[in-house]
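Subject: Structure handover

Hello,

Here is the structure you asked about. My notes on it come after.

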Amino acid sequence: MQTLHVALGERSYPIHIGPGLLGQPDLLSPYIRGRQVMLVTNETVAPLYLNKVKASLSAFQVDTVVLPDGEVYKTLDTVNLIFDQLLEKRHNRTTTLIALGGGVIGDMVGFAAATYQRGVDFIQIPTTLLAQVDSSVGGKTGVNHTLGKNMIGAFHQPRCVLADTTVLKTLPTRELSAGIAEVIKYGLICDQSFFAWLQMHTKDLLACDDTALGYAIKRSCLAKAEVVAEDEREGGIRAILNLGHTFGHAIETHEGYGNWLHGEAVAVGMLMAVDLSIRLGWLDASELEVLRRLLEQAKLPVTSPTDMMPEDFLKYMAVDKKVVDGSLRLVLLEAVGKAIVTSDFSHDALLATLKSI
Ligand SMILES: NC(=O)c1ccc[n+]([C@@H]2O[C@H](COP(=O)([O-])OP(=O)(O)OC[C@H]3O[C@@H](n4cnc5c(N)ncnc54)[C@H](O)[C@@H]3O)[C@@H](O)[C@H]2O)c1
Ligand SMILES: O=C(O)C(=O)C[C@@H](O)[C@H](O)[C@H](O)COP(=O)(O)O
Ligand SMILES: [Zn+2]
């Protein structure tokens with residue numbers, strides 16, 4: 001097992017990464033302050049892993065909530081089902097919520113923890129690659145709105161993250177690929193040598209090779225932990241973690257939540273960001289082909305949805321959370337491994353990108 005740390009003063013926490021971690025009581029109990037635990041998962045993950053986690057919590061009063069599965073259920077109504085159980089089972093302010101699942105469960109449980117009785121503790125047990133490399137770390141929690149992704153939420157850090165790589169063996173390949181998209185993001189924004197490593201090892205990640213997965217999770221979490229420690233609430237540098245997301249969130253919202261997976265939409269969004277960076281003269285034209293080949297290797301899409309026009313993108317991009325005073329800001333690349341957040345691009349260049357990918 002490897003342990004990384006997110007350094008946030010009194011809100012600091014460990015990220016434990018390794019095979020076979022589920023079911024080890026000593027990894028969870030130090031982060032549970034009271035007697036009560038609300039273990040939240042979904043109907044797909046429950047039959048696979050709920051009993052194992054529950055068995056490791058025998059020292060606590062454990063209640064469970066099993067939510068419906070899918071991005072389409074990442075809503076306030078679903079979070080309300082968690083509140084219903086917390087109140088029915090009389091959970092108080094010393095309770096700890098545990099999120100067992102992918103990013104959808106993690107984001108909703110984190111949001112429930114941020115708001116239940118004005119804030120209680122929570123623990124992340126991410127079970128998808130995407131959640132292990134990205135969503136379980138950093139404290140962004142929330143739900144979607146029909147008009148935009150993650151529009152209602154809060155920053156609320158978990159007390160610990162437990163990433164058991166063994167659970168990835170049951171993950172469908174399409175979901176593994178979606179997770180690889182966020183891994184590639186870390187290479188592009190801040191780690192050129194990791195990006196080079198990915199050219200050689202993406203096939204190992206797809207084959208669920210333990211060593212490759214452990215390495216990719218560690219490298220991604222190290223990068224995210226460093227950025228989050230510097231800028232917890234996205235006042236500045238943290239926005240680089242949004243590479244490809246302004247375009248990607250537009251795709252997810254326009255196509256209907258869940259039809260394009262988050263990682264798939266981000267993959268196409270990253271191609272758009274690279275294309276625009278090239279048009280601005282910041283990146284060599286060859287980088288577009290390099291990224292396209294890598295995404296194809298990872299079995300990710302490389303063209304935008306056929307039914308989406310540039311004006312559809314612009315409509316959803318206008319409500320992006322990085323918009324300031326009506327001006328759209330995008331994460332672009334000055335080089336592979338060096339991202340910037342900028343509004344320094346012309347509408348014509350953006351339009352050309354939206355038409356070409
Ligand atoms: N908070 C953040 O910083 C952050 C970062 C990235 C993404 N996100 C959010 O995360 C969400 C996407 O997360 P995701 O890709 O994990 O999707 P997800 O949570 O929908 O999980 C994907 C699918 O895999 C299933 N599953 C989960 N673990 C499994 C396992 N071990 N074996 C078999 N099936 C399993 C789930 O039930 C689901 O059907 C999006 O809503 C996105 O906005 C948040
Ligand atoms: O942690 C962050 O910061 C990120 O931007 C990580 C993203 O991968 C993630 O999808 C996040 O939920 C997007 O945040 P949003 O603020 O654009 O909704
Ligand atoms: Zn993301």
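The notes below cover the ligand site and then the cavities. Please keep in mind that this is a predicted model.

Ligand 1 first. Its shell has 28 residues, and the closest are D69, T127, T128, K149 and T170. Three side chains are worth looking up on screen. In D69, a side-chain N or O atom is 2.7 Å from an oxygen atom of ligand 1. K74 has a polar side-chain atom 2.8 Å from an oxygen atom of the ligand. For T170 the partner is a nitrogen atom of ligand 1, at 2.7 Å from an N or O atom of the side chain. On its own the ligand exposes 870 Å², of which the protein buries 91%.

Two or more shell residues come from each of α2 (46-55), α4 (103-115), α5 (129-135), β8 and α6 (173-190). By class, the shell is made up of 10 charged, 10 polar and 8 nonpolar residues. Ligand 1 lies between domain 1 (2-170) and domain 2 (173-356), because both give residues to its shell.

Now the cavities. There are 4 of 30 Å³ or more, and the largest holds about 70 Å³ of space. Both domains also contribute here, with at least three lining residues from each. At least two lining residues come from each of β8 (148-155), α9 (245-255) and α12 (310-317); α9 gives the most, with 4. The lining includes K149, H249, Y316 and D320, and by class it has 5 nonpolar, 4 polar and 3 charged residues. K149 is thus on both lists: among the closest residues to ligand 1 and in the lining of the largest cavity.

Regards

Methods: Residues numbered from 1 in each chain as written. Chains lettered and ligands numbered in written order. Predicted model: local features only at pLDDT ≥ 70, side-chain atom pairs only at ≥ 80, totals over all residues. Heavy atoms only, no water. 1 Å grid on protein atoms, 1.4 Å probe; cavity = no way out; pocket = protein on both sides within 12 Å on 5 of 7 lines; lining within 4 Å. Points joined across faces, edges and corners; volume = space filled by probe spheres on them. Nonpolar A, V, L, I, M, F, W, Y, C, P; charged D, E, K, R; others polar. Domains from an automatic or database assignment. Near = heavy atom within 4 Å. Polar contact = N/O pair within 3.5 Å; in protein donor to acceptor, adjacent residues only side chain to side chain. Areas by Shrake-Rupley, 256 points an atom, 1.4 Å probe, with all protein chains shown as cover.
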